[in-house]
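Reader: I'm new to this one and I'd like to know where the labels come from. Could you show it to me and walk me through them?

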Amino acid sequence: MKLGSAAAAAALLAIVAACGSETTAGGGNGGTKIGIDHPRADSDFWNSYIKYVPQMAGELKVDLMPATNSQNDVAKLVNNVQALIGQGAKVIVMAPQDTGAVANTLQQLENRKIPVVTVDTRPDKGKVYMVVRADNRAYGTKACEFLGEKLGGKGKVVQLQGALSSINGRDRSEAFLECMKAKFPGITVFSEPTEWEGSKAASMLQTRLEQNPDIKGIYMHAGGVHLAPTLQVLRQKGLLVPPSDPKHIFVVSNDGIPQEFASIRKGDIDATVSQPADLYAKYALFYAKAAADGKTFKPGPTDHGSTIIQLPNGLEDQLPAPLVTKDNVDDKGLWGNQAG
C-alpha cells in the first residue's frame, strides 16, 4: 500500500507540473469546475451521501464534474485526483479514509493553488480549505454515556472500531474509552479495530461473545458497515431479542442510516448518532463553490447551526449530529427518515 501510494503521489506531481501555471482556484464566475472523489460504495452511509451530491449540486448551481470513487484505497484516490486535475478541476472535494496518507497529495494541490474540501475526515497533515465534518469525539462520548447508563455502570462492552489510521476511528475510540474510564470505571471495554470492514467486525464480535458470554453492550463505529454483520451474529447466538428480555445486548451505533432507524424501531439496536449525510453533501459543495469564488471564512458560529473551528492545517465546520433513540427515531427532520 505504501509503495503504491508513493508511486501514485509521484504521478500526481508529474501531471500537476504538466498542467501549467495558469491553473488556479478562484475566478468567481460560477462555472469553475469542481472535481469530487467518493471514498467507497460498500457502505450504506456513503451510498446515501453519494445520492445527495447531484441533488445538492443542482440546488447550489455547482459545475460538478463526473465523480470518481477511490474504493477505500488511497492509491486510487491519488490517481483519481490526478485525473480530475487533468480534466480541469479547479477545486477538489474528497473524503480520504486514510487521513495520514494524503499529505503529499494535499501538498501538490496547495502548490498548484487548488483548494481542497474534505468530507467526514480531517487529514492529519496538508492544507485544506475546509473540512466538513461532525464532532467525532462527541460520537464516542454519547455512545459511552448511553451504554454506561443502560448497563448501570458495570459489565462488559465491545467497541467495534473503524480504522485507527483514520482520524474518525481515533476520535470515536479515544473519546469512548476516556469517557468510560472517567464515568463508568466498572465497565470493561473490549476494543476491536475492524478497519471499517463488516466481515472483520462479525469475526471479532463472534470471538468476543464466545469468550465473554456476559457481554451486555456493543458500540459500532459505523452502522453502514457494522450493522448487518452485528445483527447476524446476535441472531445466530439467539441474542437478537427486545430490550425487555434479560438477554438483550444494548447496541449504539454511528451513521443514522434508514436501516439503523428500522432496527431501533424493532428493538434490535437501541441508539445511533445521526451523521448528517445530506448536510455533508450540501456543505462540501457549498464550500467548494465558495473556494472557487475566492471567499474566506473565520472560526465561530455559522448560520446553519454549526461551528467552524481552527485547525493547524485549515478550518473545520462541525455540523450537528444528534443521538437517535426510540424516543425521537420518527423525527421527520432526520435525514435517515427522508432518504430513499
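**How the labels are earned**

Author: Sure. Helix α10 (residues 277–292) lies across β1 (34–38), β3 (91–94), β4 (116–119), β5 (130–134), β12 and β13, and runs at about 165 degrees to β5. Keep in mind that this is a predicted model.

Reader: What makes you say that β12 and β13 pair, and in which sense?

Author: Two strands count as paired if there are at least two bridges between them. Strand β12 (residues 307–311) and strand β13 (residues 314–319) have 5 bridges, in the antiparallel sense, so by that cut-off they are a pair. As for who faces whom, I309 stands opposite E316 in β13.

Reader: Which sheet are they in, and which strands are called its edges?

Author: They belong to an open sheet of 8 strands with mixed pairing, in the order β2-β1-β3-β4-β5-β13-β12-β11. Its edge strands are β2 (68–69) and β11 (300–301), each pairing on one side only.

Reader: What about the sheet of 6 strands: what is its order, and why are β7 and β14 at the edges?

Author: That open sheet goes β7-β6-β8-β9-β10-β14, again with mixed pairing. Both β7 (186–193) and β14 (323–324) have a single partner strand, so one side of each has no neighbour in the sheet.

Reader: How do you know that β6 is a partner of β7?

Author: Count the bridges: 8 of them join strand β6 (residues 154–161) to β7, with the two running parallel. The cut-off is at least two, so the pairing holds. One bridge links G155 with I187 in β7. Helix α7 (residues 198–211) lies across β6, β7 and β8 (217–220), at about 145 degrees to β7.

Reader: And V189, which residues does it touch?

Author: V189 sits in strand β7. Setting aside neighbours within four places in sequence, V189 is in contact with V157, Q159, F176, L177 and M180. Contact requires heavy atoms within 4.5 Å, so each of those five residues has an atom that close to V189.

Reader: At the other end of that sheet, what makes β10 a strand with both faces covered?

Author: Look at both sides of strand β10 (residues 271–274): A271 and V273 are buried on one, T272 and S274 on the other. Buried means under 20% relative accessible area, so each of these four residues falls below that mark. Strand β9 (residues 250–255) pairs with β10 in the parallel sense over 4 bridges, and N254 has V273 as its bridge partner.

Reader: Why do you say that the buried residues of α4 line one face?

Author: In helix α4 (residues 103–111), the buried ones are T105, L106, Q108 and L109. Viewed down the axis of α4, they fall within an arc of 160 degrees, so they line one face of the helix. Just after α4, K113 takes a positive phi of about 60 degrees.

Reader: Which residues have the most contacts inside the largest nonpolar core?

Author: Y49, V93, L147 and Y280, in a core of 53 residues. Helix α10 gives the most to this core, with 11 residues. At least three residues come from each of domain 1 (34–134 + 276–296 + 304–319) and domain 2 (136–274). As for Y49, leaving out residues up to four places away in sequence, Y49 touches I36, H38, V93, V119, A277, Y280, A281 and A284.

Conventions: Residues numbered from 1 in each chain as written. Predicted model: local features only at pLDDT ≥ 70, side-chain atom pairs only at ≥ 80, totals over all residues. Heavy atoms only, no water. Axes fitted to C-alpha atoms, helices over the stretch in contact; angles between N-to-C directions. Core = buried A, V, L, I, M, F, W, Y, C linked by side-chain atoms within 4.5 Å. Buried < 20%, exposed > 50% of the residue type's maximum accessible area, 1.4 Å probe, protein only. Domains from an automatic or database assignment. Arc of directions from axis to C-beta.
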